[in-house]
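Here are some exercises to work through with the structure open beside you. Try each task before reading its solution.

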Amino acid sequence: MRTGIATVCLSGTLKEKMQACAIAGFDGIEIFEQDLVTSPLSPEDVRKMAADLGLGLDLYQPFRDFDGVTPDLLKANLRRAEAKFKLMARLGMDTILVCSNVATATIDDDGVRAEQLAQLANLAGDHGVKVAYEALAWGKYVNDYEHAYRLVEMVDHPNLGTCLDSFHILSRDWETSHIEAFNPEKIFFVQVADAPKLSMDVLSWSRHYRVFPGEGQFELAKFMGHVVRAGYTGPVSLEVFNDVFRQSDVERTAVDAMRSLIWLEEQSAKWLADNAGNAAEGAPGSAGALRRRYPMELATLPKVNEPAGFNFAEVKADDTAQLERLLGQLGFAFEGRHRTKDVQLWTMGQARVIINEQAAQHAEPAIAALGFDVDSPVIASARAQQLKAPVVARKVQADEEVFQGIAAPDSTEIFLCQGSPDGTAAWTHEFGEGLEHLSAGPTAVIDHVNLAQPWQHFDEAVLFYTSALALEPQPFAEVPSPSGLVRSQVMQTSDAAVRLVLNLAPIQQARSEVRKTYQEHIAFAVDDLVATARAARERGLKFLQIPANYYEDLDARFDLDPEFLATLQELNLLFDRDAEGEFLHFYTATVGSVFFEMVERRGGYDGYGAPNAPVRHAVQYDSLHRTT
């Protein structure tokens with residue numbers, strides 16, 4: 001699949017955008033007209049630079065408001081078009097995007113539109129240019145991709161074809177299987193963009209909320225499957241714009257964009273394989289042909305299963321005394337220090353926490369790394385690297401476990417570990433003797449980890465964990481807090497053995513991408529939370545103090561047994577119930593940017609105590625800002 005991206009997707013100058021696209025590995029780019037108009041580079045400079053970078057110049061865009069106009073305006077439009085065709089010759093480009101008219105059209109007549117598009121196609125032919133006509137979702141008279149294609153067929157000119165844009169099609173819920181009946185020679189260009197499902201006017205939706213494939217909710221694999229079945233072989237190019245990308249690092253955004261196309265290519269191949277028998281009648285390969293018979297070849301990635309569970313969580317700090325005290329009070333056992341590294345291991349059942357003091361000078365405690373149990377760490381790492389994930393290497397001795405590591409968008413290090421049927425980890429033998437265990441201690445596992453994401457990388461993180469770790473995004477929620485609404489996105493495996501919660505960090509708390517200043521936490525599941533809480537209190541644990549008003553409201557909502565309610569309030573426990581079961585949990589105070597949560601799931605409860613989240617946010621906010 002030939003990959004492309006419109007320069008409008010990226011921040012910076014045209015030169016910076018082109019360099020970033022080349023670094024990310026794109027085959028070609030679309031030149032957004034305003035990027036060229038505002039650039040000090042001449043068209044000849046752009047042409048040479050693209051050649052030097054190995055980038056094709058695939059599309060010049062957009063040419064607006066051409067069709068359905070009066071004769072006088074048509075004459076002016078043809079003059080404008082010819083100037084662009086001459087410019088394209090200097091750039092060495094041969095395809096231009098022409099959008100359906102949204103502003104100046106006054107004649108709603110397909111015959112008139114076809115005649116005017118024919119004149120444009122004739123003029124384009126004289127200059128060796130192909131015109132890709134696109135139906136904008138908010139076009140005045142033409143807003144349906146099939147309508148645009150019918151006009152192309154009416155004109156029947158070799159220099160006029162159509163552009164299929166996933167946003168304009170999927171935002172209007174148009175059926176995409178009809179694409180398969182299109183003449184592939186008349187599909188001149190394909191643009192893709194994802195988006196969250198929103199209820200708003202389509203123009204604002206398009207301008208502010210488009211995201212890269214895999215970061216929204218559109219069925220892009222299905223869309224691309226129909227495009228491939230139609231026999232299309234040209235570029236698949238991203239046309240995405242939103243308020244975040246315009247303010248983000250250009251090279252990082254380009255890499256995220258490339259990752260999204262690699263993911264989309266794999267998902268499209270999977271869709272074709274899963275739907276081999278339902279090709280539209282008359283489409284190439286409609287007799288149930290295998291993927292290899294389609295003209296466009298789709299690359300796939302190494303196959304990996306979703307993680308089986310958390311292997312460990314790691315917190316890094318310069319001064320670890322508070323962390324050690326907190327873990328000890330929760331009931332974790334100190335297993336000793338690593339024999340060659342300045343690292344500690346603490347365990348409770350199968351929940352393992354590493355305290356890392358290496359290269360942590362002046363660093364307050366923060367979540368630094370997560371380990372996941374996978375079937376084949378090497379294969380999983382190879383897949384992640386093909387998805388543009390940066391490699392994280394750690395020095396090891398000859399007889400030590402070699403971890404396959406990659407970096408997540410928020411700088412959290414992700415390690416892919418060899419899982420074991422019994423939940424143990426081979427690398428724990430590298431740690432020396434710890435403190436004597438007074439008892440076996442409670443059974444525990446890491447239930448979930450909550451990571452706060454910098455605002456400019458939230459969507460990038462969703463795609464990263466979806467594509468590299470095979471986690472599935474769940475419907476996102478918005479939780480009230482004293483700092484405003486907090487967007488929360490759960491990523492998890494199908495069996496919920498791995499639950500990762502991504503929170504959109506408030507802007508004022510997420511200025512640094514290296515040093516984390518916003519609160520995150522690790523949650524541990526135990527069988528008996530009340531007993532765990534009582535034991536922790538006896539060890540001196542200071543719980544997050546929950547207001548009495550909360551328990552009055554809890555009683556009103558659930559009519560709890562008075563003795564049970566009193567126990568909850570005594571121990572600062574929070575409670576939730578749904579049709580499937582119950583959820584008990586408590587929080588510790590925050591150390592640096594980290595706090596811990598202990599949970600107990602009863603029955604089939606599968607949530608996170610969402611009704612209690614505003615209480616936690618408010619208490620933490622008050623604690624953070626308390627001056628007396």
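**Exercise 1. Work out how helices H15 and H16 are oriented to each other.**

Solution. The answer comes first here, and then the steps that lead to it: H15 and H16 are roughly antiparallel to each other. Keep in mind that this is a predicted model.

Step 1: take the angle. H15 (residues 548-558) and H16 (residues 562-571) pack at about 155°, and their axes are 10 Å apart.

Step 2: apply the cut-off. Angles over 145 degrees count as roughly antiparallel, which is why this pair gets that description.

Step 3: add the handedness. H15 and H16 cross in a right-handed way.

Step 4: find the residues in contact. H15 contributes Ala-548, Tyr-551, Leu-554 and Asp-555, while H16 contributes Leu-565, Leu-568 and Gln-569. Sorted by class, the contact of H15 with H16 has five nonpolar, one polar and one charged residues.

**Exercise 2. Do the same for helices H5 and H6: find the angle at which they pack.**

Solution. Step 1: H5 (residues 110-126) and H6 (residues 145-155) pack at an angle of about 60°, with 9 Å between their axes.

Step 2: that angle makes H5 oblique to H6. The crossing of H5 past H6 is right-handed.

Step 3: on the H5 side, the contact is made by Asp-110, Gly-111, Arg-113, Ala-114, Leu-117 and Ala-118. On the H6 side, look for His-147, Leu-151, Met-154 and Val-155. The residues of this contact of H5 with H6 divide into six nonpolar, two polar and two charged.

**Exercise 3. Describe helix H4 from its span to what covers its buried residues.**

Solution. Step 1: H4 (residues 71-91) has 21 residues and reaches 30 Å from its first C-alpha to its last, close to the 30 Å expected at 1.5 Å a residue.

Step 2: the buried residues of H4 include Leu-74, Leu-78, Ala-81 and Phe-85. To see a reason for such spacing, recall that an α-helix has 3.6 residues a turn, so residues three or four places apart point the same way.

Step 3: the cover over the buried residues of H4 includes helices H2, H3 and H5, along with strands S3, S4 and S5.

Step 4: just after H4 comes Gly-92, with a positive phi near 80°.

**Exercise 4. Is Phe-464 buried or exposed?**

Solution. Step 1: locate Phe-464 in helix H13 (residues 458-469).

Step 2: its relative accessible area is 1%, so Phe-464 is buried.

Step 3: look at its neighbours. Leaving out residues up to four places away in sequence, Phe-464 touches Arg-259, Ala-389, Ile-406, Ala-407, Ala-408, Pro-409, Ile-414 and Leu-469.

**Exercise 5. Examine the backbone at Pro-62, Asp-65 and Ala-470.**

Solution. Step 1: start with the general rule. Most residues other than glycine have a negative phi, and most peptide bonds are trans.

Step 2: the peptide bond from Gln-61 to Pro-62 is cis, with omega near -5°. Pro-62 belongs to strand S3.

Step 3: Asp-65 is not a glycine, yet its phi is positive, about 50°. Asp-65 sits in the loop between S3 and H4, and its 17% relative accessibility makes it count as buried.

Step 4: Ala-470 also is not a glycine and has a positive phi, of about 60°. Its place is the loop between H13 and strand S18. At 23% relative accessibility, Ala-470 counts as partly exposed.

Terms used:
Residues numbered from 1 in each chain as written. Predicted model: local features only at pLDDT ≥ 70, side-chain atom pairs only at ≥ 80, totals over all residues. Heavy atoms only, no water. Axes fitted to C-alpha atoms, helices over the stretch in contact; angles between N-to-C directions. Helix = DSSP H or I, 4+ residues; strand = E, 2+ residues; numbered from the N terminus. Parallel < 35°, antiparallel > 145°, perpendicular 65-115°, else oblique. Left-handed = near helix turned anticlockwise from the far one by under 90°. Contact = heavy atoms within 4.5 Å. Nonpolar A, V, L, I, M, F, W, Y, C, P; charged D, E, K, R; others polar. Expected span 1.5 Å × (residues − 1). Buried < 20%, exposed > 50% of the residue type's maximum accessible area, 1.4 Å probe, protein only.
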